[in-house]
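Visitor: Could you walk me through this one and tell me how the labels are earned?

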Amino acid sequence: MIVSFRALLATTLLAAPLSALRTGPAAPAPAPSLAEPSLSPDHREIAFVSGGDIWTVPFAGGEARLLVSHPANESRPMWSPDGTRLAFISNRTGNGDIYVLELASGQLRRITFDDVADQLDNWARDGKSLYFSSTSRDVAGMSDVWRVSAEGGTPMPVAADRYATEYWAAPSPDGRTLAITARGMPFAQWWRHGHSHLDESEVWLVHDVAAGAAGAPRYEPVTTGGAKSGWPMWSADGGTLYFMSDRNGNENLWSRAAAGGAEKALTSFTSGRVLWPAISNDGQAIVFERDFGVWTYDVPSGAVRRVPVTLRGVPAGPGVEHLTLTNGIQQLALAPDARKLAFVVRGDVFAAAAKDGGDATRVTSTPGSEEQLAWAPDSRRLAYASDRDGPWHLYLYDFATRQETQLTKGAGSDITPRWSPDGRRIAFERNGRELHVLDVATGADRTVATAVLSRPPFVDEREVAWSPDGRWLAYVTSAGPKQFANVFVVPSDGGTPRQLSWLSNTNGGGLSWSPDGAYLTLTSGQRTESGEITRIDLVPRTPKFREDQFRELFVPSAPRQP
């Protein structure tokens, strides 16, 4: 008889005495996370994010209802100045682009089309354009501020200093000045609580940024360093700047006159964090995220309150994270038949069609990291290294059976898998000191050579190569005689290694055996010099002298045909 766990638990509770059920405190009821709020211009509704969907709740609190629901993740909802549209971010197309929803018709328009995640910052006061931050067009990967039409179009740079990150922008009411957050890593690590120099950021003003303004923008600091300051906001008349800062030890709201002067703390929280604040269009209220809830700050009175929210609605489905071939690829391996490719994203292995792309198949999902992908010659099996159980070990995934097999075990670290040409054996390194050959079918493992092959941290440099007939293995020593890196060859069944090169260089890698077996190539160079490609001939070449080339000029040739 099979009894479900739920039924067994219910039976146990009914049979147990009441005293036995009161031995410990009751578990706290789960509560939803409410994030990134935004207040409508008429102060009637607050839009926020929960569970990757966008909800709205009355300003006073109460029942919240779904506004935008999708299997992807939506974030950062922001009302347009006239309250007829809602801009937000969605990763439904892969990374994170900006969309605008027409509230009356339900029409949804995609605004940005970047290869990286775009961060929605603000609406222009006239509602004609949107400001956003993005790293997509900066060679160094630093964030810049852009402006794009709310109808879509080509984004134009607004604040794009080449040597500083700029993000979380807010245009002044007259549109001539932009308040931004600059420096530090909060644009990517806003969730960090605590303090380090990486988290220190500043609020700046960028003057003369109105569309069509002549000359370069002019920068003016608002806050000094030594703290995390960000998310600047303007009063309705443009005379006051509001922002978040942790200069007193905890994240709170602060203000300062836009023309200059002393900074003033508006809230005095000693715990929790003030995150993603947004000000109403009339400057009378600020909403923000704190303790996974929605809070409001009344500007005239200084009153702070938590908005009571009860979610009412059903999401569209479980969240789906979309990965694209431009998002976090660490390694890429093309199958020998050129029809499939495997790649590593965030430490896990995926595979997809090489020609048409499409949805990738997840191969691994482990707490460790997978690396060093190696396709078998039949293009049906994939070998890789993983540190999921501590040391690096080799694993094999068979796409036909959809099963993973652990190939090596033990305390040693096994790396650099290399398939034999017939697909029956795999050569690999153990602890960077031993060259092994593993029979895939039987699991028999043989040590064929010992040398300094690599040094921690172990890196895949393709320093092991099979001969085309599978009889020999070539490898590069990381520290051979006199600490030089040179090529050795050893029979794949074991035997005495033989040195093939005598280079006086310290760097050597990228070892490869020619398809005809006649020569080896590798990169070689000194530590401070650029590497060069070196060829090692295994079959002596007959030299051709210039005298012979000259004599060939006098050899009679066949007459040309008319």
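Guide: Sure, starting with pairing: two strands pair if DSSP finds at least two bridges between them. Strands (E, at least two residues) and helices (H or I, at least four) are DSSP runs, numbered from the N terminus. This is a predicted model, where local features need pLDDT of at least 70 and side-chain atom pairs 80 or more, while totals for chains, interfaces and linings use all residues. Residues are numbered from 1 along each chain as its sequence is written, and side-chain values use heavy atoms, without hydrogens and water.

Visitor: What makes β3 and β4 a pair?

Guide: Strand β3 (residues 53-58) and strand β4 (residues 62-68) share three bridges, in the antiparallel sense. Pairing takes at least two, so they qualify. I54, for one, has V68 in β4 as its bridge partner. The two strands form a hairpin with three residues between them, and G61 in the turn has a positive phi of about 105 degrees.

Visitor: How do you know that β4 also pairs with β25?

Guide: Four bridges link β4 to strand β25 (residues 309-312), in the parallel sense, so that pair passes too. R65 stands opposite R312 in β25.

Visitor: Why is S75 called a lining residue of the largest pocket?

Guide: A pocket is an open set of points on a 1 Å grid over the protein atoms alone, where a 1.4 Å probe fits, with protein on both sides within 12 Å along at least five of seven lines; lining residues have an atom within 4 Å of a point. S75 is one of the 37 lining residues, so it meets that 4 Å cut-off. β5 gives the most to the lining, with three residues.
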